[in-house]
Amino acid sequence: MQTLDNRGRIDPIVIDFSKAFDLVPHGRLLTKISNSGVDSRVVVWIREFLLGHTQRVKVGGQLSEEVGVMSGVQQGSILGPLLFLAYIYDIWRNIESTLRLFADDFVIYRKIINNEDRKFAERSRQAGEWAVENAMKINPSKSKAVRFTRAWVKDPLSYSLTDTLIPEASSCKYLGIILRSDLSWADHVNCTVKKAGKALHITMQILKMEIVIPKI
C-alpha cells in the first residue's frame, strides 16, 4: 500500500499451470528430492508411494490393457501439494523478481521504479523456459498481467511467457481473493455478497419445504 500511496507501481503476473499436478514426472521429481539433501529413507518412502501404479480405461464394457502411471501427484491429499512444490521449487533460480508459490498458485511480481525494472518483461520469460525444461505447461491465455498503481499510466503491459503475450487485466484472483489494479476491495466484496445471497436463497427455500412424516 505504501508503494501505491506514493503513486508507485507494482506489476504482478499470475501464472496458470495447465494440468499442473498431472504432469509431474516421477523420475525427475525423485531426483530433485534426492538432490535436495532429504534423508534417503524419506526418498525411498516417496518412491514407494509414487511408483508401481497402473491404470486402464473402460469403454462400453471393454477394458483396455493396463499401463504404468509415470507422472502425476495425487490431488486432494496432503502429500500431493507438498510433492508439487518440491518439484517446482527451483523455478526461482533464474528469476530476479519476487515469487510467491502456494501449491499450483504462482505469481511473479516486481516494483517498477525505473527502466531497469521494466525489463521485468524479459525476465518473466524465464519461467516459461523453466516450464519447457521441466515438462510442465504454462497456459498464457489463462495467466494474467496486472498493473497495481493509482497513477495514470497509458502504456499497455507487454509481458510474455513462452513467446506468447500474457493478457492484461484490471483485476486477478489469487488464493481466493480478487485483487483490483487500484487495490480496491469492491470486486471482492461484491463477489462475496453475491455468493452469500445465493447461499441464503437456497437456505430459505429448504426452510420453506414442507416436511412430510409418513404414518407408521
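Begin by selecting residues 171–174 and 177–180 of this predicted model, which are strands E12 and E13, running antiparallel and joined by four bridges. Within this pair, look for Cys-172 in E12, whose bridge partner in E13 is Leu-179. The two strands form a hairpin with two residues between them, and one of the residues in that turn, Leu-175, deserves a selection of its own. Leu-175 has a positive phi of about 55° although it is not a glycine. Most residues other than glycine have a negative phi, so this is a good place to display the backbone and look at how the chain turns. With a relative accessibility of 44%, Leu-175 counts as partly exposed, because that value lies between the 20% and 50% limits.

**The whole chain**

Now show the whole protein chain, which has nine helices and 13 strands. If you colour the chain by pLDDT, bear in mind that the average is 83 and that 89% of the residues score at least 70. Confidence is highest in helix H3, with a mean of 93, and lowest in helix H7, residues 120–123, with a mean of 61. Switch to a surface view next: the chain exposes about 14500 Å², of which carbon and sulfur atoms supply 56%. Of its 216 residues, 33% count as buried. Among contacts between residues at least 6 apart in sequence, 63% join residues at least 24 apart.

**Helix H5 and what covers it**

Select residues 79–88, which make up helix H5, and highlight its buried residues: Leu-79, Gly-80, Leu-83, Phe-84, Tyr-87 and Ile-88. They lie on the same side of H5, because they cover an arc of only 160° around the axis. This pattern can be read from helix geometry, since an α-helix has 3.6 residues a turn and residues three or four places apart therefore point the same way. To see what covers these buried residues, add to your selection helix H2 (20–23), helix H3 (26–35), helix H4 (40–50), strand E6 (98–102) and helix H8 (125–133), which are among the elements that do so.

**The largest nonpolar core**

Which three residues touch the most other members of the largest nonpolar core? They are Phe-17, Phe-84 and Met-136, and the core has 35 residues. Strand E1 (9–16), H2, H3, H4, H5, strand E7 (105–111) and H8 each supply at least two residues of this core, while H5 gives the most, with five.

Centre the view on Phe-17 and show its surroundings. Leaving aside its neighbours within four places in sequence, Phe-17 is in contact with Phe-84, Ile-91, Asp-104, Phe-106, Trp-130, Met-136, Lys-137 and Ile-138. Apart from the largest core lies another one, of seven residues, which include Val-107, Val-146, Cys-172 and Tyr-174; Cys-172 is the residue whose bridge to Leu-179 you looked at in the hairpin.

**Helix H8**

Move to H8 and select its buried residues, Ala-127, Gly-128, Trp-130 and Ala-131. As their arc around the axis is only 160°, they too are placed on the same side of their helix, H8. On the other side of H8, select Val-132 and Glu-133, which are exposed. Just after the helix, Ala-135 takes a positive phi of about 60°.

**Two residues in H3 and H4**

Lys-32 is found in helix H3. Is Lys-32 buried or exposed? It counts as buried, because its relative accessibility is 17% and the limit is under 20%. Beyond its neighbours within four places in sequence, Lys-32 is in contact with Ala-86, Tyr-87, Asp-90, Trp-130 and Asn-134.

In helix H4, select Val-43, which counts as buried because its relative accessibility is 6%. Leaving aside neighbours within four places in sequence, Val-43 is in contact with Leu-30, Ile-33, Ser-34 and Val-38. If you draw a distance between the C-alpha atoms of Val-43 and Thr-31, which are twelve residues apart along the chain, the separation is 9.1 Å.

**A last stop at Lys-19**

Finally, select Lys-19 in the loop between E1 and H2. Lys-19 has a positive phi of about 50° although it is not a glycine, and it is exposed, with a relative accessible area of 60%.

Conventions
Residues are numbered from 1 along each chain as its sequence is written. This is a predicted model: local features need pLDDT of at least 70, side-chain atom pairs count only at pLDDT 80 or more; totals for chains, interfaces and linings use all residues. Side-chain values use heavy atoms; hydrogens and water are left out. Buried means under 20% relative accessible area, exposed over 50%, partly exposed in between (1.4 Å probe, protein chains only). The arc is that of the directions from the helix axis to the C-beta atoms. Contact means heavy atoms within 4.5 Å. pLDDT is the predictor's confidence in each residue, from 0 to 100. Two strands pair if DSSP finds at least two bridges between them. Accessible areas come from the Shrake-Rupley method with a 1.4 Å probe; for residues, only the protein chains shown count as cover. A nonpolar core is a set of buried Ala, Val, Leu, Ile, Met, Phe, Trp, Tyr and Cys residues joined through side-chain atoms within 4.5 Å.
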